[in-house]
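Please open the structure in your viewer and keep the selection panel at hand. The tour below proceeds by selections.

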Amino acid sequence: MADKVRRQRPRRRVCWALVAVLLADLLALSDTLAVMSVDLGSESMKVAIVKPGVPMEIVLNKESRRKTPVIVTLKENERFFGDSAASMAIKNPKATLRYFQHLLGKQADNPHVALYQARFPEHELTFDPQRQTVHFQISSQLQFSPEEVLGMVLNYSRSLAEDFAEQPIKDAVITVPVFFNQAERRAVLQAARMAGLKVLQLINDNTATAL
């Protein structure tokens, strides 16, 4: 048993060395003193910050939780995120969007679009006549693409990180599912640009979990 532990120690040292090198590289690429990491899942997300003296720290949301639901409620003049949006899902299901990442980079003939409509019949989906991509028709005046909705979520996650770090943050590392194709990855980058974020790197979620 002792021999096994001794054999594992060099591996742990190598892992910590690789993590330290990655974090140092991220800070070197950053235009500010802090970098935001967003672990974006289908149902929830976790936000972390990396800055000098803080290798990595999970950001607490307004409910003092580390995990925030990826839900958005869109009204004429208001936007609600996380638990606040989840509490409004019953009263206003059409304006409450969830699992919208499944529509990133998808065209009208994609089978995932038909599956989404079957799972969430309360949402009215329209299509861009030129790009043939999906839009959420909230009302006659409100129409948003999945990229725009994700951009709102990323902007909200940045506000959480800035409040926690007590400094402005412009740079981010975002995790994406390993099965995302190039169109879906470009959609994530487009959403980040809408949120005013500079993406230093997209990381597969398996790699992020290992980190």
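Is Asp83 buried, partly exposed or exposed? Asp83 counts as partly exposed, at 21% relative accessibility; buried means under 20% relative accessible area, exposed over 50%, and partly exposed in between, with a 1.4 Å probe and protein chains only.

Before the next selection, please note that this is a predicted model, in which local features need pLDDT of at least 70, side-chain atom pairs count only at pLDDT 80 or more, and totals for chains, interfaces and linings use all residues. Residues are numbered from 1 along each chain as its sequence is written, and side-chain values use heavy atoms, with hydrogens and water left out.

**Salt bridges**

Keep Asp83 selected and add Arg65: the two form a salt bridge, with the closest N and O atoms 3.3 Å apart. A salt bridge is a side-chain nitrogen of Lys or Arg within 4 Å of a carboxyl oxygen of Asp or Glu. This pair links distant parts of the chain, 18 residues apart: Arg65 is in the loop between β3 (54-58) and β4 (68-69), and Asp83 is in helix α2 (residues 82-86). Helices (H or I, at least four residues) and strands (E, at least two) are DSSP runs, numbered from the N terminus. Arg65 is partly exposed, with a relative accessible area of 46%.

A search of the whole structure finds 3 salt bridges. Select Lys94 and Glu124 for another, in which the closest N and O atoms are 3.7 Å apart. Lys94 lies in the loop between α2 and β7 and Glu124 in the loop between α3 and β8 (125-127), so this salt bridge ties together parts that are 30 residues apart in sequence. Lys94 is partly exposed, at a relative accessible area of 33%, and Glu124 is also partly exposed, at 40%.

Next, select Glu184 and Lys106, whose side chains meet in a salt bridge (2.4 Å, N to O). Glu184 belongs to helix α5 (residues 182-194) and Lys106 to the loop between β7 and α3; the pair links distant parts of the chain, 78 residues apart. Both Glu184 and Lys106 are buried.

**The open sheet**

Now select β5, β6 and β7. In what order do the 3 strands of this open sheet lie? The order is β6-β5-β7, with antiparallel pairing; two strands pair if DSSP finds at least two bridges between them. The edge strands are β6 (79-81) and β7, each of which pairs on one side only. Neighbouring strands of this sheet are turned by 20° against each other on average, direction ignored. Axes are lines fitted to C-alpha atoms, for helices over the stretch in contact, and angles run from 0 to 180 degrees between N-to-C directions.

Strand β5 (residues 71-74) pairs with β6 in the antiparallel sense over 3 bridges. Highlight Leu74 to find Arg79 of β6 opposite. Then add α4, which lies across β5, β6 and β7 and runs at about 65° to β6; contact means heavy atoms within 4.5 Å.

**Two positive phi angles**

Select Tyr99, in the loop between β7 (96-98) and α3 (111-119). Its phi is near 55°, a positive value in a residue other than glycine. Tyr99 is buried, with a relative accessible area of 17%.

Finally, move to Glu166, in the loop between α4 (146-165) and β11 (171-176). Glu166 has a positive phi of about 60° although it is not a glycine. Is Glu166 buried or exposed? At 73% relative accessibility, Glu166 counts as exposed.
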